[in-house]
Amino acid sequence: MSTTLPPAAGGGPTPTEPSIPDGAGTGLWKEAFRRLRKNPQAIAGAIIVGLFLLVAILAPVLAPYGGNELPGRTEITPTNIPGPGEIDAYPLGLDRFGGDLLSKLIWGAQASLLIGVVSTALGLIGGMVLGLLAGGLGGWVDSLIMRFVDILLSVPNLLLAVSIAAILGQGPYAVMIAIGVSQIPIFARLLRASMLSQRGSDYILAAQTLGLSRSTITLSHLLPNSVGPVIVQATLTLATAVIDAAALSFLGLGGGLPQTAEWGRMLTYAQSELANSPQLAFLPGICIAVTALGFTLLGESLRESLDPKTRKK
C-alpha cells in the first residue's frame, strides 16, 4: 500500500526529496580537472610544462641554429668564450665548442622530452604488466613478482640506472632503457596496492555474484578503477626521468658527440669553464630544475585532486 506525505502545516508546500548538489554524479576525472582549474599550483605547473612542450616540439622553428652546428667556432679562443650580449648573433653567448648557447638550450629541451617520455612509458608499461599479474592472479605469482620488485627496490634508483646504462653501453637508447627499468618497481607496487584495495569493493562483489570470470573482472572492472594513482605517479616520474637523464649524461653515459645539445652533457663540458663562463652551467641547470619543478607541481596537484583524503574542497 502506497503512502503519501501529508501537507505541511499552515498550507505550505509539501516536502520534496533533497536536491542533488552540483557536481554530484560527475566522473572522478571530470571532478579532478574542475579542482585543478582552481588550483594555483596546478596552473603554474601546467604553464611550465606547456612551455617546455612547446619549446621541445617547435625546436626546429625556434632555434637559430641546429643542435650540432658550431657557427661561432671562429670566435672561440683558448682564453675567451663570448658571453651573453657580446655578439649580437648569439644572444646568450657561445659554448666552448663554438655552438650557440640559445640553440643548444632549445634543442636540449627536445632531447630531454624524448628521453623522459620514452623512459617513463617503458617503466609504466613494464610496471603495469607486473602489477596487473601480481594484483590479478595473487598467490605464488604475487609473491614471486613482489620479491623480484623488492630486489630492484633495494638498489637506489639512480645507481640501478647507472648500472644498467653501463652494461648496455653509451647512447641515448641505453639511457632510456636504464631509466625505464629503474622505474618499473614503483609502478608495479603502486598498481598492485591499488588493485588489492579495490578487491573488496561492492562493484567487484556484484560482478562476482553475476558469475563473471576472473579475467573479465580484472580487465574490465578492477584495472580501470585502479589505474588512476598510476597515471598520477607517471606525471611525477617524468620529473625524475628528466633529472636522471641529465645525471647519466653528466656521468658520460649518454653517448653522442661532445657538442650534442643535451642539458646534462652541457653541464659536463661546462665544468672547466665555471670561473670564466658560469652561464654555461647555470642556464642548463636552471632549465633542468624548472622543468622538473613544473612536472612535480602538476603531478602533486593531480594527486591531491584525486585523493579524497587530501584534496582541497
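**Figure 1. Residues 42-63, a largely helical span.** In this predicted model, residues 42-63 are 91% helix and 0% strand. The C-alpha atoms at the two ends of the span lie 29 Å apart. The UniProt annotation "transmembrane region", from an unreviewed entry, covers these residues. That annotation also covers 105-133, 145-167, 173-191, 230-257 and 278-298.

**Figure 2. Residues 105-133, a helical span.** This stretch is another one that the unreviewed UniProt entry annotates as "transmembrane region". Here the chain is 100% helix and 0% strand. Its end C-alpha atoms are 42 Å apart.

**Figure 3. Helix α4 against helix α5.** Helix α4 is formed by residues 101-137. Its axis and that of α5 come within 7 Å. The two axes cross at roughly 145 degrees. The crossing is left-handed. From α4, the residues in contact are Leu130, Leu133, Ala134 and Leu137. They meet Gly139, Val141, Asp142, Ile145, Met146 and Phe148 of α5.

**Figure 4. Helix α7 and its bend.** Helix α7 has 27 residues, 172-198. From its first C-alpha to its last it reaches 39 Å. That is close to the 39 Å expected at 1.5 Å a residue. The helix is bent, however: at Gln183 it turns by about 30 degrees. A proline, Pro185, follows within four residues of that point. The UniProt record places residues 173-191 among its "transmembrane region" spans.

**Figure 5. Helix α5 against helix α7.** Helix α5 runs over residues 139-153. It packs on α7 at an angle of about 140 degrees, with the axes 9 Å apart. The pair is therefore oblique. The crossing is left-handed. On the α5 side, contact is made by Asp142, Met146, Val149, Asp150, Leu152 and Leu153. On the α7 side, contact is made by Pro185, Ala188, Arg189 and Arg192. Pro185 is also the proline that follows the bend at Gln183. Asp142 and Met146 of α5 also take part in the contact with α4.

**Figure 6. Helix α7 against helix α9.** Helix α9 covers residues 214-226. The axes of α7 and α9 come within 8 Å and cross at roughly 115 degrees. These two helices are therefore roughly perpendicular to each other. The crossing is right-handed. Leu191, Ser194, Met195 and Gln198 form the α7 side of the contact. Facing them in α9 are Thr218, Leu222, Leu223, Asn225 and Ser226.

Technical notes. Residues numbered from 1 in each chain as written. Predicted model: local features only at pLDDT ≥ 70, side-chain atom pairs only at ≥ 80, totals over all residues. Heavy atoms only, no water. Expected span 1.5 Å × (residues − 1). Bend = angle between axes of the 7 residues up to and from the residue. UniProt positions renumbered as here; feature names shortened; annotations may be inferred. Axes fitted to C-alpha atoms, helices over the stretch in contact; angles between N-to-C directions. Parallel < 35°, antiparallel > 145°, perpendicular 65-115°, else oblique. Left-handed = near helix turned anticlockwise from the far one by under 90°. Contact = heavy atoms within 4.5 Å.
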